[in-house]
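This briefing covers a ligand site, two annotated positions, the nonpolar cores and one buried polar side chain. Please read it alongside the sequence and coordinates shown here.

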Amino acid sequence: MISYSRASVLVLAMVLGAFVGPLAAQDPSQLTLDYYAKNCPHAQEIIRAEVECAVRTNPRNAALLLRLHFHDCFVQGCDGSVLLDDTATLIGEKQADQNVNSLKGFDLVDKIKQKLEAECPGVVSCADLLAIGARDGTVLLGGPYWDVPVGRLDSKTASLDLANSDIPAPSQGLITLIAKFWSKGLSATDMVALVGSHTIGVARCFNIKDRIYGDFELTAKFNPSSELYLSKLKETCPAHGGDDNTSPMDYVSPYVFDNAYFEGLVQGEGVLYSDQQMYSSLVGYQTADLVKQYWADPLLFFKHFSDSMVKMGNITNPEGGEVRKNCRFVNS
Ligand code: HEM
C-alpha cells in the first residue's frame, strides 16, 4: 500500500513536473563557446562549409545530422558513442532497434572529420562535430540559429543496451515518451519542441504502417483532405512489403525547417504514432496545448527549439573521454 502510493506520487510529480522542469538538476556543463578559439579557430567554418555542400547536394543530410546528434545524446550523453563501429573488442550502438537500417550520415561525418583533422589534428571531437553539424543543417533549411557550447569529449565505450532502452520508439505512448526525456533531464516542453525536428526528413514504412492501417483511418473518416493524404501514404506503404519505402513526416514542406509539422498533428495527420500522441493522447492536455502554440507561433517554436537543443547538447558523459582521430573507432 505504501509503495503503491509512493509510486503514484512519483508518477504524478513526473508528469506535472515535466512541464515546469525536471526534478533532477543537470550536471554543470564544462562546455564553452570559445573552446576551439585558440587551437582550432576555423573549426566552425570548416564544419559549416562541409554541411552546406552536403545539404545543397541533398537536403536530407541536414535531417541525418540532427537525428545522429539526438541518438548520440540519449545514450551515455553527447559523446560520439553512436558513431562507433562494431569491432572485436567493442559492441557499438548501430545495431540498436531504433538505429539499425535507419540511422544514416556516417560517411558525411567521416568526411567532415577528415577536413577537421587536416586543419587541426586531434583537436575537435566527433561529439562536437555532430552538435555543430546539427545546428548548421537546421539553419540551412530555414530553421533557427543557436550558439553551440563546445568542448565535449568522445567516449571510449558505447552501449547497445542503453541505446535499446533509452532511445524513444515510434510505437510508444505519451507517458513513456515523457519519462524517457525526463530521465535525460529534459521536460515535456523540451520534448514537444525537439520532436518538431520531424519538420524535416522522412520515416520508413516499417515505422508508420501500424498507424496508417490503424488509428489514422479513424481520423480520415471525418476529414476528406486527410482521406486523400491517407490514400497517398498507403500507395507509398502498401499493407505488405515496401517496408523501406519512405514518406516525409511533414508532407507540406519536408525540407523546410518550419512549423508546418505541428499543423499536421492538429489535423490528426502525424505519420508516427508517437508524434500524434503529442496532440491526441488522452493524458496530453498540456502537450496538445504546446502543439497548438507552436503551430500558431513559429517564432515561439524556434525559440523553444533552440533552447532545448542547447539543453540536449549539454547532456555530458561524466566518464570523460578523448578526441577520436576517426569517429568510427576509439584511438589505439
Ligand atoms: C518522441 C521522440 C521521438 C521518436 C519516437 C522518434 C522517432 C523517429 C522515427 C521512427 C523516425 C524515422 C526513422 C525511420 O523510419 O528509419 C525519426 C526520424 C527523424 N527524427 Fe525522430 N523521434 C523522436 C524525437 C526526435 C528528436 C528529439 C529529434 C532531434 C532533436 C529527432 C530527429 C529526427 C529526424 C531529423 C528524423 C528524420 C531522419 C531522416 O530523414 O533520416 N527525432 N524519428
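A residue is called buried when its relative accessible area is under 20%, exposed when it is over 50%, and partly exposed in between. The model discussed here is predicted. Its iron-containing ligand has a single protein donor to the iron atom, H198.

**Iron and ligand**
- The donor atom is NE2 of H198, and its distance from the iron atom is 2.1 Å.
- The ligand is surrounded by 26 residues, with R60, S102, H198, R204 and N207 the closest.
- S102 places a polar side-chain atom 2.6 Å from an oxygen atom of the ligand.
- In N207, an N or O atom of the side chain is 2.8 Å from a ligand oxygen atom.
- V202 approaches the ligand through its backbone: an N or O atom there lies 2.9 Å from an oxygen atom of the ligand.

**H198**
- H198 sits in the loop that links α8 (188–195) to β1 (202–204).
- UniProt lists H198 under "binding site", in an unreviewed entry.
- H198 counts as partly exposed because its relative accessibility is 21%, and the buried class requires a value under 20%.
- Apart from residues up to four places away in sequence, H198 touches M249, D250, Y261, L272 and D275.

**P168**
- The "binding site" annotation in the unreviewed UniProt entry also covers P168.
- P168 belongs to the loop between α6 (160–166) and α7 (174–182).
- Is P168 buried or exposed? Its relative accessibility is 14%, so P168 counts as buried.
- Beyond its neighbours within four places in sequence, P168 is in contact with F70, F74, Q98, L177, K180 and F181.

**Nonpolar cores**
- The largest nonpolar core has 69 residues, and L83 and M278 are the members that touch the most others in it.
- L83 has contacts with L68, K94, F106, V109, C126, L130, R324, C327 and R328, leaving out residues up to four places away in sequence.
- A second core, separate from this one, holds 13 residues, including I212, F216, L230 and M249.
- M249 of that second core is also one of the residues that H198 touches.

**Helix α13**
- Helix α13 spans residues 273–280, and its buried residues are S274, D275, Q276, Q277 and M278.
- M278 in this helix is one of the two residues with the most contacts to other members of the largest core.
- D275 of α13 is buried and is among the residues touched by H198.
- Which helices do the buried residues of α13 pack against? They pack against α7, α8, α9 (205–212), α12 (260–266) and α14 (285–296).

**R152**
- R152 lies in the loop between α5 (126–140) and α6.
- With a relative accessible area of 4%, R152 is buried.
- The side chains of R152 and D128 form a polar contact at 2.6 Å.
- A polar atom in the R152 side chain is also 3.0 Å from the backbone oxygen of P149.
- Setting aside residues up to four places away in sequence, R152 touches L31, C78, S125, A127, D128, A131 and G313.
- D128 therefore appears both in the contact list of R152 and as its side-chain polar partner, where the pair falls within the 3.5 Å limit for a polar contact.

Terms used
Residues are numbered from 1 along each chain as its sequence is written. This is a predicted model: local features need pLDDT of at least 70, side-chain atom pairs count only at pLDDT 80 or more; totals for chains, interfaces and linings use all residues. Side-chain values use heavy atoms; hydrogens and water are left out. UniProt positions are given in the numbering used here, feature names are shortened, and annotations may be inferred rather than shown by experiment. Helices (H or I, at least four residues) and strands (E, at least two) are DSSP runs, numbered from the N terminus. Buried means under 20% relative accessible area, exposed over 50%, partly exposed in between (1.4 Å probe, protein chains only). Contact means heavy atoms within 4.5 Å. Donors are N, O and S atoms within 2.8 Å of the metal (3.2 Å for Na, K and Ca); water is not among the atoms, so sites may look incomplete. A residue is near a molecule or strand if one of its heavy atoms lies within 4 Å of it. A polar contact is a pair of N or O atoms within 3.5 Å; within protein, one must be able to donate a hydrogen and the other to accept it, and residues adjacent in sequence count only if both atoms are side-chain atoms. A nonpolar core is a set of buried Ala, Val, Leu, Ile, Met, Phe, Trp, Tyr and Cys residues joined through side-chain atoms within 4.5 Å.
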